[in-house]
Amino acid sequence: RFYHHHMSELEDVPFFDELGLYTQSVLGAFPNSGFELNTAVGSSNNYVASSNFTKVENQIVGQLGLWFASHGWEFRYTWGTDNKCYASADVGVGESTILHVDVQTNKEGETTVKPEVAFANDRVSVRAVAEYSLDQKQLGGVVVAAVTQYPENVSWGATAEYNPEEQSLASTVAVEIDQEDSKINLGLRKDGGSVTSTLGWYHQYSTSVAYASEITFGVAPEGSQDTSASVGGVWHLDNKTSLAGKWALTQAPKVAPQLRVCLAAEQKVAEHFSASIGVDLNASKFLGRADAQGEGHSFGLRLAFE
């Protein structure tokens, strides 16, 4: 979201979807399936023309985008090879508020509008977004999220998501504790009759090494949801080479546990070109377990020209 870039330079209170971001930066960035090519050309302060092409199995999906910024507002347009188009605009109101409008058109020609407002100061951040279908003249959903800090190193957040079609309300509460080089995240989500809890931990061991862990488990109804745990780390050998790895264990109800191991390496080949390679191994199958579950091994490659 563009407002992250606006607000991060001005205020200390994060937005709700930024809680736990450090943990995910270690555990969630593995190119482990298919091929991806990214390009970006332009001025980082005024305009950027970009492209993204992804190949998974026998399907190739591409996107072409243009980002432009001037005098406190931003505009972005993206066209996809699947005939999906996205246009968005951001306007700053003072130093603490960003107005955002997102317009999406799918391959059937149906258009959805998402107006959004984000506000942040040194005490609280608030974000509200709605989704409305112009063709169906129907409200698709509303999300409201807020975060406050007390004391200065603890962020308390909550979000509510309303679905008019299903007449349902989902809510999440989260806490992030900042302990200099470490961050601890606690989350509890209620969606219908299910309640899920998440515990995360991130630690910056040195300027070149960081590691993180996360566990998610169902609180209610008992025994009806998956339990998952993952531990990973990133090692920056120098300013051009990085290595990453993680293992993830998933236990579904009444099913044998699945263990996966992911490994990745990133190399800055030239000043404006980097390459990442990764593998995702189903360790249960790799070890020859007869009750092994889940998909097989996969391989990923990402190239970026920026």
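This is a short talk through the strands, the confidence and the aromatic pairs of one protein chain.

Okay, hi everyone. One thing up front: what you see is a predicted model. So let's start with how confident the predictor is. Across the protein chain the pLDDT averages 85, and 89% of the residues score at least 70. Where does confidence drop to its lowest, and where is it highest? The low end is helix 1, residues 2–8, with a mean of 41, while strand 10 sits at the top with 96. Staying with that low end for a second, the pLDDT is below 50 over residues 1–11. Even so, the model gives this stretch 34 contacts beyond near neighbours in sequence.

Right, on to strand 10, since we've just met it. Strand 10 covers residues 154–163, and it runs antiparallel to strand 11, residues 168–179, with 10 bridges joining the two. If you want a spot to look at, find Val-154: its bridge partner in strand 11 is Ile-177. The two strands make a hairpin with 4 residues between them. In that turn, Gln-167 has a positive phi of about 55°.

Now follow the chain along. What does strand 11 pair with on the other side of its next turn? Strand 12, residues 182–191, again in the antiparallel sense and over 10 bridges. Here the residue to look for is Thr-172, whose bridge partner in strand 12 is Arg-189. Strands 11 and 12 form a hairpin too, with 2 residues between them. The turn residue with a positive phi is Glu-180, at about 55°.

Let's jump further down the chain. Strand 16, residues 241–251, pairs antiparallel with strand 17, residues 258–270, over 10 bridges. In that pairing, Leu-249 stands opposite Leu-259 of strand 17. Strand 17 is also joined to strand 18, residues 273–282, by 10 bridges, and those two run antiparallel. There's a hairpin here as well, taking strand 17 into strand 18 through 2 residues. Right by it, Ala-270 stands opposite Phe-273 in strand 18.

Last topic: aromatic rings. How many aromatic pairs are there? The count comes to 5. I'll take you through two of them.

One is Tyr-22 with Tyr-202: the centres are 5.3 Å apart with 50° between the planes, a tilted pair. Tyr-22 belongs to helix 2, residues 21–27, and Tyr-202 to strand 13, residues 194–204, so this pair ties together parts that are 180 residues apart in sequence. Are these two buried or exposed? Tyr-22 is partly exposed, at a relative accessible area of 43%, whereas Tyr-202 is buried, at 8%.

The other pair is Trp-201 with Tyr-211. Their ring centres lie 5.6 Å apart and the planes meet at 55°, so this one is tilted as well. Trp-201 is in strand 13 and Tyr-211 in strand 14, residues 209–220, with 10 residues of separation. As for accessibility, Trp-201 is partly exposed at 32% relative accessible area, and Tyr-211 counts as partly exposed at 29%. Finally, bring in Tyr-205: together with Trp-201 and Tyr-211 it makes one aromatic cluster.

That's my tour. Thanks for listening!

Conventions
Residues are numbered from 1 along each chain as its sequence is written. This is a predicted model: local features need pLDDT of at least 70, side-chain atom pairs count only at pLDDT 80 or more; totals for chains, interfaces and linings use all residues. Side-chain values use heavy atoms; hydrogens and water are left out. Two strands pair if DSSP finds at least two bridges between them. pLDDT is the predictor's confidence in each residue, from 0 to 100. Contact means heavy atoms within 4.5 Å. Rings of Phe, Tyr and Trp (its six-membered ring) pair if their centres lie within 6.5 Å; planes under 30 degrees apart count as stacked, over 60 as edge-to-face and the rest as tilted. Buried means under 20% relative accessible area, exposed over 50%, partly exposed in between (1.4 Å probe, protein chains only).
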